[in-house]
Amino acid sequence: MYNKVMVILRDINTVDALIDKVISYNPEANADLLRRAYAFSNEVHYKQKRKEGAPFIQHPLAVAAILCEMKMDTNSIAAGLLHDTVEDTGTTEEDIRALFGEDVAFLVESLTKLSKIEFRTSEDAQAENFRKMFLAMAEDMRVILIKFADRLHNMRTLEYLSPAKREKIARETLDIYAPLANRLGIGWLKSGFEDLSFKFLEPDVYNELVQKVAKKREEYEGYLHEVIKIVEAHLKAASIPGDVFGRVKHYYGIYQKMQKQKIPFELVYDVIAIRIITGTQSDCYAALGLIHSLWTPVPGRFKDFIGAPKSNLYQSLHSTVIGPKGERVEFQIRTEDMNRIAEEGIAAHWKYKEADHADKLDDKYFSWLREFVKLQKDTPDAREFLEAVKGNMISGVVYVFTPEGDIVELPQNATPVDFAYSIHTEVGHQCTGAKINKRIVPLRYTLLNGDTVEIITAQGHTPSRDWLKFVRTQKAKARIKQWLKVEERKKGLSLGQELLEKALLKYNLSPALAKSKEILAIARPFRINTHEDLFVAIGYGRISVHKLINKLLPESEKDEKEIIPAHKDERKTEEGKGIRIEGIDNIMFHRAKCCYPLPGEKVTGFVTRGRGVSIHIVNCPTLDTNTIDMDRLVDVEWTGDESTHTVKVQVLTVDKRGLLAELSAVLSTNNININHLEASATYEKQALFNFILEIRNKRQLDQIMKKMAQINGVIEVKRVQA
């Protein structure tokens, strides 16, 4: 299918050829609309050139040709011809609406919005653009199909861009567009995206693989011809209708097998696949039985996607057998309708006439999409949403059953808690246990294909933060986080109000001041706008009650005694050195012992209960976004601290005399104090030294580790974090 599209793109190089192709599958197509869209696009792009030097109009024409191969409606193809006009020329959305109608204008406008927004970092841009693309897709599926066509043609001309841009676009295509095409069931497009991305991300590996496949192609084709003849003869003898086709798997698919199995190309056995297109579902199973009677099936390589279709409605029987000459051959057996859905995905379901809308499409086909649209409202961070959706699109799936026999599709490694939330939010919240195949299992149990799952609930039971460590679905994560966030805020609100009222009484002030405009005015410099926000901030430890009350008291009555931190050198205000905490005044802090951050490293703060702010390196594993309350993170930065800080450094060496003395000499020469040292010998005749050093900043640590690594006999020097 992918190669077929390449041929069509070469054939359709004029608007007349495009219109002829559209009319071949849609005799009622509005040829005048397409001709006018082409003429307008050609006119406004007239002076523009592509990076490869071709007239710009060749790009929208190629996009329209791909949409034509998808058998899209006329408005979509017109939008493909016009998709860059608003973004790259002086054309306005009103111009498109006046000339080509509301529907075409909507599609062009949706596509333009996807590339208009600017962000501070490429990660933010990618994540937010993906979110916008996802929501536009939910509003009208044609938007993503036009975007797919645009990306496919851009990938085909990627070699004309700079290496950095090539890598960025290819990576985005492999990480997002290919899995999304697969999720929508467009098999040929997924393969095309993967092979083109592979070509630019791993050019040497790709070219080597292309050459190796080319050398064996004649052998593959001869073998396929032999197997096809055998299958056709036996199908005919058994009176099973069917057409048989063979193919060599696409390059990225072969590469994935090599990587997964850690083997060279020469040891990849199932490079070829044979497809049988038969008449009915019963014929599919009859053909499967015939194949298994001819050759021995490979254990564990049979999948029945007819009885349990994928969520994108893909249906087929898959089985790998030991074929003639001992070669492994994968068979895919399906009906004509199943094959069309497998190759074209959503396009095979297209019910569009000129004025219809996407909500008339198969309801089951879009249930997963609607679910993600709901979830994105609970996931305000675009990057978190992107990772969640990528995880659900890329990971494999398991099919489990409800006690009533209904099939539920979940990602691999999903748990009973994921299953519970997939049924209903309240079922998830009240989940206390689970039975798998009538046996009680832990909530961490990993679901397997075919499991029958029964959830045990209890009225009044609530979610646990520990669940976030093992749930897999975005729905479960979002619902648990949402519940925890509400509960944490309730606790913070109650505690903060109680602390403030008690402190007011202590200073003979009215507790009513806690809800006064006066105290709110004092709190505004801390970005507090409501009394509720103030109580929560106090409850979380973000704002000092003592500081607030000091501002209420007359000068003569102010208490000069501030809250004393546990360690004097951790006082924020000490000589203006140390850490500056954004939006928080006069609060104690401490360096987290899990990562021991140093001046010069990017850090963040986590508001603890009773110990002030804990300072962590930004990528500290302890700050897992799945398990902590993100609202308790605060922005912090170093403020020129010149004091020393303890750091753990581990040195692995060969076991020989004098090495410890050499290591100590390097430290002493550079005025590094050793706070603690542990030494031990290993069975491999190596020695392991664990130092706790007093270091001023990250630069000094890097320098001393480099010098230690240069000592003869030192194998490895690394910083240790818990």
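This section describes the overall make-up of a predicted model and then examines selected elements and residues within it.

The secondary structure of the protein chain amounts to 26 helices and 19 strands. Of the 722 residues in the chain, 51% are buried. Among contacts in the protein chain with a separation of 6 or more, 65% are accounted for by residues 24 or more positions apart. The surface exposed by the protein chain is about 36100 Å², of which carbon and sulfur atoms supply 49%.

Towards the start of the numbering, His45 was examined as an example of a loop residue; it is placed between helix 3 (31–44) and helix 4 (58–69). His45 has a relative accessibility of 2% and therefore counts as buried, the limit being under 20%. When neighbours within four places in sequence are set aside, the contacts of His45 are Phe56, Asp84, Thr85, Asp88 and Thr89.

Helix 19, which spans residues 416–423, is mostly covered, with six of its eight residues buried. The buried residues of helix 19 are Pro416, Val417, Asp418, Phe419, Ala420 and Tyr421. Strand 10 (residues 453–457) contains Ile456. The relative accessible area of Ile456 is 29%, so this residue is classed as partly exposed, a class that lies between 20% and 50%. Apart from neighbours within four places in sequence, Ile456 is in contact with Gln430, Cys431, Thr432, Gly433, Ala434 and Lys435. A separation of 9.9 Å was computed between the C-alpha atoms of Ile456 and Gly428, which are 28 residues apart along the chain.

An open sheet of four strands was also identified, with the order 17-18-16-19 and antiparallel pairing. Strand 17 and strand 19 (714–719) occupy the edges; each has a single partner strand, so one side of each lacks a neighbour in the sheet. From one strand to the next, the twist averages 15 degrees. Strand 17 and strand 18 (residues 686–695) run antiparallel and are joined by eight bridges. Within this pairing, Phe689 of strand 18 is the bridge partner of Ala679. Helix 25 (residues 659–669) packs on the sheet, where it touches strand 16 (645–654), strand 17, strand 18 and strand 19. The direction of helix 25 makes about 15 degrees with that of strand 18. Helix 26 (residues 698–709) likewise packs on the sheet and touches strand 16, strand 18 and strand 19. The direction of helix 26 makes about 165 degrees with that of strand 19.

Two residues of this sheet were considered individually. Val649 is located in strand 16 and, at 1% relative accessibility, counts as buried. Outside the residues up to four places away in sequence, Val649 touches Phe689, Asn690, Phe691, Leu693, Leu701, Met705, Val717, Lys718, Arg719 and Val720. The C-alpha atoms of Val649 and Arg719 lie 4.5 Å apart, although 70 residues separate the two along the chain. Ile674, by contrast, belongs to strand 17 (residues 673–681) and is partly exposed, with a relative accessibility of 31%. Together with Leu660 and Leu677, Ile674 makes a nonpolar surface patch of about 190 Å².

Notes. Residues are numbered from 1 along each chain as its sequence is written. This is a predicted model: local features need pLDDT of at least 70, side-chain atom pairs count only at pLDDT 80 or more; totals for chains, interfaces and linings use all residues. Side-chain values use heavy atoms; hydrogens and water are left out. Buried means under 20% relative accessible area, exposed over 50%, partly exposed in between (1.4 Å probe, protein chains only). Helices (H or I, at least four residues) and strands (E, at least two) are DSSP runs, numbered from the N terminus. Contact means heavy atoms within 4.5 Å. Patches are made of residues with over 30% relative accessible area and no salt bridge: like charges are joined within 9 Å, nonpolar side chains (Val, Leu, Ile, Met, Phe, Trp, Tyr) within 5 Å. Accessible areas come from the Shrake-Rupley method with a 1.4 Å probe; for residues, only the protein chains shown count as cover. A salt bridge is a side-chain nitrogen of Lys or Arg within 4 Å of a carboxyl oxygen of Asp or Glu. Two strands pair if DSSP finds at least two bridges between them. Axes are lines fitted to C-alpha atoms, for helices over the stretch in contact, and angles run from 0 to 180 degrees between N-to-C directions.
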